[in-house]
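Got the viewer open? Here's a short tour, one selection at a time.

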Amino acid sequence: MAPSLLDSVDGLRGAVAAWRADGLTVALVPTMGALHEGHMALVRAARTLGERTVVSLFVNPAQFAPDEDFDLYPRNPADDLAKLAEAGVEAAFMPNVDAIYPPGFATTVHVEGVTAGLESAARPHFFDGVATVVTKLLLQCLPDVALFGEKDYQQLVTVRRLVADLDIPCQIEAVPTVRAEDGLALSSRNVYLSAEERRVAPRLFEVLSWMAAALAQGAPSADAVSNGRAALTAAGFTRIDYLAVCDAETLASVEGISAPARVLAAAWLGETRLIDNVVVNPVG
């Protein structure tokens, strides 16, 4: 059965209220559409955690800078809806920009601390846009649980922080990164890669993985990062926005692994920017 198509906040709230009246729990999967297997892993997890599932499909202009790819960002709503129907999703929330940011909209949600550095160094506008739209979606839907992927790890940590700080009554669940057979993290932007770039792209995950293994054996973070940068450059990555070893909870840089950590990277192949991260467990 096709999901109900909801394009207004009132429509979304009405659907959720009807489910609540029947005593049903609700899961939300926020997306920007162009759904791939990574998104569908979130949807499948949502359907195990809530009795009704809402998937939002909204390309959020607030997280794009003027020189970024908002206009070119992949959009395929018919394909998205077919995938959601096959997965058994009950509702698709597909608002236009004015429904999310009506005329006169003047509020921005800003999260300190965990948004510093990494993505923000290259995209200083990004997390205010993410935090604002996610806060709105959570308050519009008020789900019991919302699902986010670990591929966008700094985003996941940011969402957890804002939900805790603003007392939003929603459980945030993380879903592991879904990868192609060669290790490349699935992303809507992978369609931008040329055939040669697609051949090189899995090296990002390979380099992060051996960095994580070296760190787990006690290698200094500075050495791992230096070697990782050299390996990515040698593989053909044209620019590295960041390559860092960070505490998994605070995202503060760490020199040695005494608590769970992550190796995080953003690197370019031609005109395509790829991000990924790998967990590092404490030594011993």
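Where does D167 lie? Select D167 and you land in the loop between helix 7 (153–165) and strand 6 (171–175). Bear in mind that this is a predicted model. D167 isn't a glycine, yet its phi is positive, at about 55°. Switch on the surface and D167 counts as exposed, because its relative accessible area is 63%, where exposed means over 50%.

Next stop: L118. Look in the loop that runs between helix 4 (97–100) and helix 5 (119–122). Here is another residue other than glycine with a positive phi, near 55°. Is L118 buried or exposed? L118 is buried, since its relative accessible area is 11% and the cut-off for buried is under 20%.

Now select L72, V191 and Y192 together. These residues make a nonpolar surface patch of about 320 Å². L72 sits in the loop between strand 3 (52–57) and helix 3 (77–87), and it is exposed, with a relative accessible area of 66%.

Finally, zoom out and colour by secondary structure: you should find 10 helices and 9 strands. Along the principal axes, the C-alpha atoms fill a box of roughly 55 × 40 × 40 Å. The radius of gyration is 19 Å, which agrees with the value near 19 Å for a compact globule of 284 residues. Of those 284 residues, 51% count as buried. Turn on contacts, too: among those with a separation of 6 or more, 72% come from residues 24 or more positions apart. Last, show the whole accessible surface, which comes to about 12800 Å², with 54% belonging to carbon and sulfur atoms.

Technical notes
Residues numbered from 1 in each chain as written. Predicted model: local features only at pLDDT ≥ 70, side-chain atom pairs only at ≥ 80, totals over all residues. Heavy atoms only, no water. Patch = residues over 30% accessible without salt bridge, like charges linked within 9 Å, V, L, I, M, F, W, Y side chains within 5 Å. Areas by Shrake-Rupley, 256 points an atom, 1.4 Å probe, with all protein chains shown as cover. Salt bridge = Lys/Arg side-chain N within 4 Å of Asp/Glu carboxyl O. Helix = DSSP H or I, 4+ residues; strand = E, 2+ residues; numbered from the N terminus. Buried < 20%, exposed > 50% of the residue type's maximum accessible area, 1.4 Å probe, protein only. Rg over C-alpha atoms; globule rule 2.2 N^0.38 Å. Contact = heavy atoms within 4.5 Å.
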